[in-house]
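Hello,

Here is the structure I promised to pass on. Please have it open while you read, and my notes follow below.

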Amino acid sequence: MMAVENPITKTVQEEALRKIKLNLTKESRIGEIDFNNLVFGKKYADHMLVADFDGHEWKNAEILPFQHLSVSPSNAAWHYGQAIFEGIKAYKDQDGEPMIFRPYDNYARFNTSAERMGMPTVPEWLFIGGMDLLINADRDWVPSNKGCSLYLRPFMIAADEFIGVKPSDTYKFVIINSPAGPYFNKPIKLLVQDKYIRAFPGGVGYAKAAGNYGGTMYPTMQAKKQGYDQILWVDGLEFKQLQECGTMNVFAIIGNKAITPDLTQGTILAGVTRASVIDILSDMGLTVEERPVSIEEVVTAWKAGTLREVFGTGTASSVAYVEQLDYKEHQIKLDTTKYSVGAEVIERLDAIRTGRAEDTRNWNYKITRL
Ligand code: COI
C-alpha cells in the first residue's frame, strides 16, 4: 500500500471535532444501493453536513442523516443566484480505506468562488475537517468498482429571507455525498457554435457559481436536439478562442503536444482534474502548452492529419473522449479507439487515486479513522 499523509493539522482536526455535532443515523440505507449499477448523481449516502453563517461566523455545524432542507420561498439564493458549489471524489485505496482526491485544491477554489460572488469564505475546520468527519461516517459508501467513486458535493447558498437585491448576510454551507458511476458512458460529440457564450473577461466564468451552469441550459438543449452532448464554449468577441465544455476543461493532442486553454482571461474554471492531467501528460513526456487555443488551430491540425485526440477533463467526467467536434461546416470525426494518450492518462490518474501507483505529489487525502 502507498503511504499517504494527511495534510490536515491536529489543531484543525480538533477544532472540527469540537465544533461539528455528530448526529449519526441509527439505520443505514446502504442496503438499497446496487453498487454494480451506479449512475451519476441519483443516490445519496446516509449523512450530510450543514452549517450556518450568521453574518459573523460559521455555527450550528452538524453531520446528520441526509434529509430535505427547510428553506423560505423568499430565500435570496433562489431569486438572485448567490450559490456556489464544488465537485470532489473519494476512492478506496488498495486496503479498502477511503481517500479524497486533492480536496485542498477544491477548498481553495471554493473560497475563490465565494469571494467573487460576495459570499463568506469557509474555514478549513468546516470544509476539510467537516469532509473528513463526513466521509468517516459514510466510509462504507465509497465504491471500489472500477470507474466509480463517492462524489462529494459541497455547496453554499445565500440564506437571507429578503427579496431586495443585495448580498445576503446569512448563508448555509452543505456537503452531500453520492455514490456515483461514470458521468459519460461513451465518447461524446461537441458543438462549437457562434451564437451563445458562457463567459466573458471580468465575469464569473472562473467561479463555480450555479448560474454559470443555469445560463448554459438553453443553448445546450438546442445542441442536444441536434445530437450533441455538450457545447464547446468559445470567447464572445470573435467566437474563436476555446474556453471549456459544458462540465469540463478541454485538451487537444496535436503531434507530440498537448494544448489546453490557459486560465489568464478568467473565463474558465481552474479544473483540479485539468491540473492533474497537465502534470500526468508532462510525466508521460508530452509538451504541454497552456495558452490561447483557437478553433481554427484545431481544424487546421485535423486537416493536416496531426490532430490525434480531443478530450474533456473534470471531476465528474474524469477524462471524456471526444469522437466528434463540429464547427461551422467542419465535422471533425476522431477514432477514439486509437486514443493512446487519453487511455494512459486515465490509467495513471486512476492508479494514483486508488493507491495502485505512488502518489508522488501528495494528491490523496486519507480519511482519519476515528
Ligand atoms: C464536476 O465535474 O464535479 C462538476 O462540478 C461538473 C458538473 C457535474 C456540474
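Which element gives the largest share of the lining of the largest pocket? That is α6, with four residues.

Before the rest, a word on the source: this is a predicted model, in which local features need pLDDT of at least 70 and side-chain atom pairs count only at pLDDT 80 or more, while totals for chains, interfaces and linings use all residues. Residues are numbered from 1 along each chain as its sequence is written, and side-chain values use heavy atoms, with hydrogens and water left out.

**The pockets**

The search ran on a 1 Å grid over the protein atoms alone: a pocket is an open set of points with protein on both sides within 12 Å along at least five of seven lines, a cavity is a set where a 1.4 Å probe fits but cannot get out, and lining residues have an atom within 4 Å of a point. Points are joined across faces, edges and corners, and a volume is the space filled by probe spheres set on them. Helices (H or I, at least four residues) and strands (E, at least two) are DSSP runs, numbered from the N terminus.

The largest pocket has a volume of about 810 Å³. Its lining is made of 36 residues, and Arg153, Tyr183, Tyr213, Gly246 and Thr247 lie nearest the centre. Among the elements that each supply at least two lining residues are β7 (149–158), β8 (171–180) and α6 (217–225). By class, this lining has 15 nonpolar, 15 polar and six charged residues; here Ala, Val, Leu, Ile, Met, Phe, Trp, Tyr, Cys and Pro count as nonpolar, Asp, Glu, Lys and Arg as charged, and the others, Gly among them, as polar. Domain 1 (9–182 + 356–366) and domain 2 (188–338) both contribute to the lining, so the largest pocket lies between them. The domain bounds come from an automatic or database domain assignment.

The second largest pocket holds about 490 Å³ of space. Of its 22 lining residues, Pro182, Phe184, Ser318, Val319 and Ile346 lie nearest the centre. This pocket also lies between domain 1 and domain 2, because both give residues to its lining.

**The cavity**

How many cavities of 30 Å³ or more are there? The count comes to one, with a volume of about 70 Å³. Among the residues that line this cavity are Gly87, Phe101, Thr273 and Arg353. Strand β5 gives the most to the lining, with three residues, and each of the two domains supplies at least three.

**Strand β8**

β8, which helps to line the largest pocket, is worth a look of its own. Of its 10 residues, 10 are buried (under 20% relative accessible area, against over 50% for exposed and partly exposed in between; 1.4 Å probe, protein chains only). So the strand is largely enclosed by the rest of the structure. In a regular strand the side chains alternate between the two faces of the sheet. Both faces of β8 are covered, with Phe173 among the buried residues on one side and Val174 among those on the other.

Strands count as paired if DSSP finds at least two bridges between them. β8 pairs in the antiparallel sense with β7 over 10 bridges, and Met156 stands opposite Phe173. An antiparallel pairing over five bridges joins β8 to β2 (residues 47–53), where Phe53 stands opposite Tyr171.

**Cysteines**

Taking a disulfide as a pair of cysteine sulfur atoms within 2.5 Å, the count is zero. Cys148 is buried at 10% relative accessible area, and Cys245 is buried at 0%.

Best wishes
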